[in-house]
Structure formats: C-alpha cells, structure tokens
Amino acid sequence: MKRAIILHNMGGARNKDELREFLLNMFKDKRILNSPFRKIIAPIIANLRYKKVWENYKKIGGSRIYTITENLCNEMQKYTDYEVVYAMRYTKPYLNKIIHKYEEIIFLPLYPHYSFTTFESCLDDLKNTNFKGKVKIINPFFENEKFNEIIKENILKEVDNPKEWNLIFSAHGIPKKLINKGDKYYSHILSHVEILKKKLSEFKSINLAFQSRFGPLEWLKPYLNEELKKYKNENVLVYPLSFMIDNSETDLELSIEYKELAKEYGIKNYKVVKCPNDDEKVAKFLVELANESSYSKS
C-alpha cells in the first residue's frame, strides 16, 4: 500500500510568472475573495499587481518556502515509513496532481491555527481532489506542548537578555468581518499568545500585533506598524506566530519592510525570529503529530 504524509501550504513565488500564478489562484479562492465574480476579478488583480509586487520579491530573491519545505520533508522522512511529500494551494505542485499516487494519506496543513482563509481552504483543496483512499486530517495544533517548546527555544536563542527586549507576536491579519462570521482564527491567536506568555515571562513586555493587511476593509488590530511606534529607543523582537515556514511575509515584509519602519520610528534594535522551518526537532514533532488520532475517511 502506498502511503504518504502530505504537508500542505499556501505556496510562493520563485519568479515573476509564478507570482502571477500565485495571485491568480489566491484571488480565485472563495475563502480569500468571496464574490460571485471572482473568476473575472482574479485575472485582473493578478495582471495588475504581479509585476509591481515582483520588484519587492526580488529583494529576497523569491520565496524560500519551497527549499525549506523540501528540506523539512527530507528530515521527516528519517522518522517515518510513510513517504513525505508536499503540495501547495496556489502554486505547483498542486494537491490534485500528487494525491492519487497513494492509497492512504495523512493530510497535514502547515497552519497552527484555524482560519477560513488557511486551514479551511486546505480542506477545500482536499475535497476537490475527490480522493477515494483513506485520509487522516491533522487539525490545528497551536496548543501542542512540544510545538510551543520549539517556539520558546527559537525565541530565547535570539537574545542574550530577554529583560531588555520587547517581544511582539506578529500574526498574519485577516478582515475583521470573517471573525464576525465565525472564523476561529482570532480566538486561536489570543489563546496561543497566552500560552506562550507563560513560557516567556522574562521578556520586558509581550504583545500581539497583525501584519499583511491590504484593501479597504478593517482588519484585525492592532496593526504591527502602529504597535512598533510604541518602542522608540527600545529593543524589539518579532516572532511570526501564524507561520511554520519562512516565506515572503517573514523574509520580505517583517525582515525588510517593517525593519525600515522600525528604524524610522527610532527603535534601537529590531530582530525577527525565524519560523520553525526544517529543524530536526520540528521534523520529529510533525511526524509524531501525523501519527496521532485515527483515519477520518475510507
């Protein structure tokens, strides 16, 4: 029997054409753009934005999400008899192209928190494959003790004296109206921050902010750019709470664009913690997570 653990993530752009593909597919997703006209709107947005956005992506040489994810799969493979592969939601390799090689899969979305825009979109992708084999779906895991110990360790190794640093958990924002429609994301993020606060109490301060908003709607607050204004002449350490793998939102937005803002605001030192990525401990944790629970469909 051919069995696989399939890691699932959003995708990313390594070149200009892939960025257009990413934007096109993202805005065609009903979880991202809930409009009956999205199939018409999506190509317009993608064509208008991709060249301009790619100029920013060139600062980081394109997204690292593929390299890191491939490394993570290889590391996980050391600890399981299942084949470990990955699929992306908005860029290749697409789930529908790889899932039918297997009779049994463990489906592991790389999102620690639930959201319509991430975890539920992954489930849409799975459903659309019409896969007939056995499936185990791994649910959001932000409460997992081993996962939070990994985060704690990654944060603490970035600074010598936490008492001199203000820690900001930066989560990817979503429109506030989605929370009003029942999205659990905000409550998951708040709960996760409270868990981590207890583990990291030695920091000067610990706060939450949200990044990556666009468009005219109100998004979850406080916005990261507004939060940073509070720390003139202070040290700020940022942890990208909603990501497992470094991508354009961490490598470009947090590490370059917000760093420039931090300098403008007079912040003394500004650092961004790396995501869990492809570390050996992360690989072991994800394999253990994949082995938990039972198959949900046959």
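1. Start with the pair of helices at the N-terminal end of the numbering: in this predicted model, the axes of helix H1 (residues 16–28) and helix H2 (residues 38–57) come within 8 Å and cross at roughly 145°. As for handedness, H1 and H2 make a right-handed crossing.

2. Who touches whom here? On the H1 side, the residues in contact are Lys16, Leu19, Arg20, Leu23, Leu24, Phe27 and Lys28. Across from them, H2 brings Arg38, Ala42, Pro43, Ile45, Ala46, Asn47, Arg49, Tyr50, Lys51, Val53, Trp54 and Tyr57. Sorted by class, that contact holds 12 nonpolar, 1 polar and 6 charged residues. Asn47 counts as the polar one, while Lys16, Arg20 and Lys28 of H1 are among the charged ones.

3. Next, the empty space. How many cavities of 30 Å³ or more does the count give? It comes to 1 cavity, and the largest cavity has a volume of about 40 Å³.

4. If you want to look at the walls of the largest cavity, pull up Ile150, Glu153, Asn154, Pro276, Asp279, Lys281 and Val282, which line it. By class, this lining divides into 3 nonpolar, 1 polar and 3 charged residues. The charged ones are Glu153, Asp279 and Lys281, and the polar one is Asn154.

5. Which helices supply at least two residues each to that lining? They are helix H6 (145–156) and helix H11 (280–291). H6 gives the most, with 3 residues; by numbering, these are Ile150, Glu153 and Asn154. From H11 come Lys281 and Val282.

Terms used:
Residues are numbered from 1 along each chain as its sequence is written. This is a predicted model: local features need pLDDT of at least 70, side-chain atom pairs count only at pLDDT 80 or more; totals for chains, interfaces and linings use all residues. Side-chain values use heavy atoms; hydrogens and water are left out. Axes are lines fitted to C-alpha atoms, for helices over the stretch in contact, and angles run from 0 to 180 degrees between N-to-C directions. Helices (H or I, at least four residues) and strands (E, at least two) are DSSP runs, numbered from the N terminus. A crossing is left-handed if the near helix is turned anticlockwise from the far one by less than a right angle, and right-handed if clockwise. Contact means heavy atoms within 4.5 Å. On a 1 Å grid over the protein atoms alone, a cavity is a set of points where a 1.4 Å probe fits but cannot get out, and a pocket is an open set with protein on both sides within 12 Å along at least five of seven lines; lining residues have an atom within 4 Å of a point. Grid points are joined across faces, edges and corners, and a volume is the space filled by probe spheres set on the points.
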